[in-house]
Amino acid sequence: MELQNDRFLRALARQPVDRTPVWMMRQAGRYLPEYRASRADAGSFMDLCRNQELACEVTMQPLERYPLDAAILFSDILTIPDAMGLGLYFETGEGPKFRSPVRTPEAVAGLKAPDAERDLDYVMNAVRTIRRELNGRVPLIGFSGSPWTLATYMVEGASSKDFRHVKSMLYGNPDTMHQLLDTLATAVTDYLNAQIRAGAQAVQIFDTWGGVLSTPAYLEFSLRYMEQIVAGLIREHDGRRVPVILFTKNGGQWLEQIASAGSDAVGLDWTTELSDARARVGHRVALQGNLDPNVLFAKPPAIRAEVARVLDSFGPGEGHIFNLGHGISQFTDPDHVTAFMDALHELSPAYHQDS
Ligand code: CP3
């Protein structure tokens, strides 16, 4: 199937494009009334993920509203620990929870990486269904959490502010921590490769909590395992390169090391200046980012000014994928997203005139 819009893949390969491609983390989600309706039909968020028709429906919803250059699989990073038997559930307003957190060496030793094709077949079915429905309109992004980020949820049993349990394992029992991360790295590699075989045309690893670590701990307990995963991924499928994007929230201080881990692109949150990032690593990787999602709470003129500032910070030339630094809030007005898209479409071609 020919891709009708390959801007996203071209930018990842640092090839010329006519305008800066864009997608948004959590582009399918609660800020859209049609998403809330589909979720009500499904019953719950996980039921939505497990139903390939409905997962496909919500993946397509933001593409119907906005001129996005990529679709992202509708699923969650916590599908892997769920498949490991930890019992994932969502308490309204409180985020994800696990019935059986993993806190002891015995519990870690008892974990096995799931067989992605068998135990996470609902995710692969969703990927295949979405690819069929997209019919080449834009590429499909697959994703996973990083081993460290998955471990934080598995050990804490829920979202955390101080990471008390997982850090006491990291500092007090580093061998157990490494054993858990190693199992997760195997699981993530297998999971992403299964998504690629099912039709994901690029993959992103979300390291949402890497930024809560010290520099040596980040390198040893997070980046090292992402590097191991990248080395094990299928990088060409169906005659095309399958690019890999690494995103560590609050990881700006480790850019050089992240850019050396073997990925095609690095995702940036809004706390890292793009001009600075480009000077540091732009000759090695493409850069994805980095509008502060909360800019979308302001009125359209302020949104436009900030889009202009982000484009200017990267500057003219190739290798930029526009993205919200960390995902769109459920309280965002969908019309403000329209203002964001309009500004980007109007302003970004000027940065690609020599292409
Ligand atoms: O459109 C997309 O971007 C694809 C779908 C997607 C979801 N989660 C759907 C979702 C993606 C890529 C994720 C990744 C994810 N999930 C991350 C990494 C990204 C990040 O935010 O840094 C993390 C940490 C999770 C774990 C998770 N899942 C949390 C903390 C929550 C609760 C968040 C909240 O706002 O309540 C979820 C639930 C979740 N995942 C929702 C969606 C649309 C909201 C569920 C709902 O409908 O109530």
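In this predicted model, Ile 72 has Ile 141 of strand β4 as its bridge partner. This bridge belongs to the pairing of β4 with strand β1, which covers residues 71–72; the two strands run in the parallel sense and are joined over two bridges. Strand β4 also pairs with strand β5, made up of residues 202–207, again in the parallel sense and over five bridges. Within β5, Phe 206 is the residue that stands opposite Gly 145.

The surroundings of β4 deserve attention next. The strand comprises residues 140–145, and six of its six residues are buried, so β4 is largely enclosed by the rest of the structure. Leu 140, Gly 142 and Ser 144 point one way from the strand, while Ile 141, Phe 143 and Gly 145 point the other way. Burial thus applies to the residues pointing in either direction, because six of the six are buried.

From Phe 206 one may pass to the ligand, since Phe 206 is listed with Ala 28, Gly 29, Phe 45 and Thr 208 as the closest of the 22 residues that surround the ligand. By character, this shell divides into 10 nonpolar, seven polar and five charged residues.

A record offers a further view. In an unreviewed entry, UniProt lists Arg 26, Gln 27, Ala 28, Gly 29, Arg 30, Asp 76, Tyr 153, Thr 208 and His 326 under "binding site". These positions do not all gather at one spot, because they span 301 residues in sequence and the farthest two C-alpha atoms are 22.6 Å apart.

Two of the listed residues, Ala 28 and Tyr 153, may be examined individually. Ala 28 lies in a loop, between helix α1 (7–12) and helix α2 (33–42). A residue counts as buried when 20 or more other C-beta atoms lie within 10 Å of its own; Ala 28 has 24 such atoms within 10 Å and is therefore buried. Not counting residues up to four places away in sequence, Ala 28 touches Tyr 35, Val 58, Thr 59, Gln 61, Pro 62 and Phe 74.

Tyr 153, by contrast, is found in a helix, namely α9, which consists of residues 147–156. With 27 other C-beta atoms within 10 Å, Tyr 153 is buried. Its contacts, leaving aside neighbours within four places in sequence, are with Leu 78, Pro 81, Pro 96 and Phe 98.

Note on methods:
Residues are numbered from 1 along each chain as its sequence is written. This is a predicted model: local features need pLDDT of at least 70, side-chain atom pairs count only at pLDDT 80 or more; totals for chains, interfaces and linings use all residues. A residue is buried if 20 or more other C-beta atoms lie within 10 Å of its own, exposed if 12 or fewer, and partly exposed in between; C-beta atoms are placed from the backbone. Helices (H or I, at least four residues) and strands (E, at least two) are DSSP runs, numbered from the N terminus. Two strands pair if DSSP finds at least two bridges between them. A residue is near a molecule or strand if its C-beta atom, placed from the backbone, lies within 6 Å of it. Ala, Val, Leu, Ile, Met, Phe, Trp, Tyr, Cys and Pro count as nonpolar, Asp, Glu, Lys and Arg as charged, and the others, Gly among them, as polar. UniProt positions are given in the numbering used here, feature names are shortened, and annotations may be inferred rather than shown by experiment. Two residues are in contact if their C-beta atoms, placed from the backbone, lie within 7 Å.
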